[in-house]
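Work through the exercises below with the model open. Each task is followed by a stepwise solution.

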Amino acid sequence: MRQGLAKRAAKVTDAASPSKLIDGRVKELGDWRGEMLARVRGLIKDADPDVVEAWKWRGVPVWEHDGIICTGETYKQVVKLTFAKGAALADPTGLFNSSLDGNVRRAIDIREGEAIDAKAFKALIREAVELNASKKKPAKRFA
């Protein structure tokens, strides 16, 4: 009986691994969108080696560090990277090109054949991480 429970728990844990689910999405897309998602994922990990990958809202890759950094949605014509607190980030190179009217989020839409400025993107990721860390609540102290 215990072996069956252990096997099922391992199977559920393995299947639910966000990193594996993101790997699966990249493979499943099998086109420029999968390649771009893999590319930006690598840039995010380069910019923040401590990033945590999550899988939310029924299939959206999410990168977090002290809160959400950004999501990586894929549509027919675009890979959309939505920054949870993008409106509070400096964007000197103009990477944000979508959701510009909102008070909180900003997004980068990447279309087939477009490239992303790796240096500017990694700087944006680092800035988002710093913003999240600055808003982190201090640990409660007990007397």
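**Exercise 1. Place Ala 88 and list its contacts outside its own stretch of sequence.**

Step 1. Ala 88 lies in the loop joining strand 4 and strand 5. Helices (H or I, at least four residues) and strands (E, at least two) are DSSP runs, numbered from the N terminus.

Step 2. Ala 88 has a relative accessible area of 53% and is therefore exposed. The classes are: buried under 20%, exposed over 50%, partly exposed in between (1.4 Å probe, protein chains only).

Step 3. Set aside neighbours within four places in sequence; Ala 88 then contacts Glu 127 and Leu 131. Contact means heavy atoms within 4.5 Å.

Step 4. Ala 88 and Glu 127 are 39 residues apart along the chain, and their C-alpha atoms are separated by 9.7 Å.

The model is predicted: local features need pLDDT of at least 70, side-chain atom pairs count only at pLDDT 80 or more, and totals for chains, interfaces and linings use all residues. Numbering starts from 1 along each chain as its sequence is written, and side-chain values use heavy atoms, with hydrogens and water left out.

**Exercise 2. Write down the order of elements in the chain.**

Step 1. Count: four helices and five strands.

Step 2. Order from the N terminus: α-α-α-β-β-β-β-β-α.

**Exercise 3. Describe how helix 3 packs on helix 4.**

Step 1. Helix 3 (residues 32-47) and helix 4 (residues 118-135) pack at about 55°, with axes 9 Å apart. Axes are lines fitted to C-alpha atoms, for helices over the stretch in contact; angles run from 0 to 180 degrees between N-to-C directions.

Step 2. The two helices are therefore oblique to each other. Angles under 35 degrees count as roughly parallel, over 145 as roughly antiparallel, 65 to 115 as roughly perpendicular and the rest as oblique.

Step 3. Helix 3 contributes Arg 39, Val 40, Leu 43, Ile 44, Asp 46 and Ala 47 to the contact, and helix 4 contributes Ala 118, Phe 121, Lys 122, Ile 125 and Arg 126.

**Exercise 4. Follow Phe 121 into the largest nonpolar core.**

Step 1. This core has 30 residues; Val 40, Ile 69, Phe 83, Ile 108, Phe 121 and Ile 125 touch the most other members. A nonpolar core is a set of buried Ala, Val, Leu, Ile, Met, Phe, Trp, Tyr and Cys residues joined through side-chain atoms within 4.5 Å.

Step 2. Not counting residues up to four places away in sequence, Phe 121 touches Val 40, Leu 43, Ile 44, Leu 81, Phe 83, Leu 95, Ile 108 and Ile 116.
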